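Have your viewer ready and the sequence panel open beside it. We will go from stop to stop, selecting a few residues each time and looking at what surrounds them.

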Amino acid sequence: QVQLVESGGGLVQAGASLRLSCVFSGRGRAFSSYTMGWFRQTPGKGREVVAAISGTRGLLYYDDSVKGRFTISRDNDKNTAYLQMNSLKPEDTAVYYCAATWRVGPRRAGVGDYDYWGQGTQVTVSS
């Protein structure tokens, strides 16, 4: 069984930065074999992918709304994925989730392709 635990959310002002972390644990496949994704969800809306990264090849995906502001990365030695969020805007306010899939790469993976999810961390950006 795989577990994902996010941290790093909080309340910040517009223009500030936050770094989210997602720690992976579990048996079976190594962390490096998983595509990792970051999603966000606001009340009344479905989860939308923010960014994703492949296991070892460095393939990346970003939603247009965060390109140039957010950076996804991972440290396979620490079994951790990160989302560095800069120049935050009020519209970035959401619950952020990390997710893992071993079946699909970052540029093709949608919400339904991910096998494991974290519990979410709240990010609130005030204007």
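How many residues lie between E4 and E5 in their hairpin? Select both strands and the turn: there are 6 residues between E4 and E5, and glycine 44 in that turn has a positive phi of about 85°. Strands here (E, at least two residues) are DSSP runs, numbered from the N terminus.

Before moving on, a word on the model: it is predicted, with local features needing pLDDT of at least 70 and side-chain atom pairs counting only at pLDDT 80 or more, while totals for chains, interfaces and linings use all residues. Residues are numbered from 1 along each chain as its sequence is written, and side-chain values use heavy atoms, with hydrogens and water left out.

**Stop 1: strand E4 and its partners**

Colour E4, residues 35-41. Of its 7 residues, 6 are buried, where buried means under 20% relative accessible area, exposed means over 50%, and partly exposed is in between (1.4 Å probe, protein chains only). Now add strand E5 (residues 48-53), which runs antiparallel to E4 and is joined to E4 by 5 bridges; two strands count as paired if DSSP finds at least two bridges between them. Look for tryptophan 38, which stands opposite alanine 51 in E5. Then add strand E9 (residues 94-101), which pairs with E4 in the antiparallel sense over 7 bridges. Here phenylalanine 39 stands opposite tyrosine 97. As background, strands of a sheet pair through backbone hydrogen bonds, either parallel or antiparallel.

**Stop 2: rings**

Show the aromatic side chains. The structure holds 6 aromatic pairs; rings of Phe, Tyr and Trp (its six-membered ring) pair if their centres lie within 6.5 Å, and planes under 30 degrees apart count as stacked, over 60 as edge-to-face and the rest as tilted. Select phenylalanine 39 and tryptophan 117: their ring centres are 4.8 Å apart and their planes are at 55°, so this pair is tilted. The two residues are 78 residues apart, with phenylalanine 39 in E4 and tryptophan 117 in strand E10 (residues 116-117). Phenylalanine 39 is buried at 0% relative accessible area, whereas tryptophan 117 is partly exposed at 26%. Next, select Phe24, Phe31, Tyr34 and Tyr116, which ring pairs link into a cluster.

**Stop 3: arginine 47**

Return to the loop between E4 and E5 and pick arginine 47. Is it buried, exposed or partly exposed? Arginine 47 is partly exposed, with a relative accessible area of 30%. Its position is over the face of tyrosine 97, at 3.6 Å from the ring centre; a charge sits over a ring if NZ of Lys or CZ of Arg is within 6 Å of the ring centre and within 35 degrees of the ring normal. You can find a second example by selecting arginine 29, which lies over the face of tryptophan 102, at 3.6 Å from the ring centre.

Back at arginine 47, its side chain makes a polar contact with the side chain of glutamine 41 at 3.0 Å. A polar contact is a pair of N or O atoms within 3.5 Å; within protein, one must be able to donate a hydrogen and the other to accept it, and residues adjacent in sequence count only if both atoms are side-chain atoms. Leaving out residues up to four places away in sequence, arginine 47 touches Phe39, Arg40, Gln41, Tyr97, Val111 and Trp117, with contact meaning heavy atoms within 4.5 Å. Valine 111 is 64 residues from arginine 47 in sequence, yet the two are 7.2 Å apart in space, C-alpha to C-alpha.

**Stop 4: strand E11**

Now select E11, residues 121-126. Which side chains point to the buried face? Thr121, Val123 and Val125 do, while Gln122, Thr124 and Ser126 point to the other face and are not buried. Zoom in on threonine 121, buried at 11% relative accessibility. A polar atom of the threonine 121 side chain lies 3.2 Å from the backbone nitrogen of glycine 9.

Add strand E2 (residues 10-13), which runs parallel to E11 and is joined to E11 by 4 bridges; glutamine 13 stands opposite serine 126. E9 joins E11 too, antiparallel and through 3 bridges, with alanine 94 opposite valine 123.

**Stop 5: the open sheet**

Finish with E1, E3, E8 and E7, which follow that order in an open sheet of 4 strands with antiparallel pairing. Strand E1 (2-7) and strand E7 (70-75) each have a single partner strand, so one side of each is left without a neighbour in the sheet.
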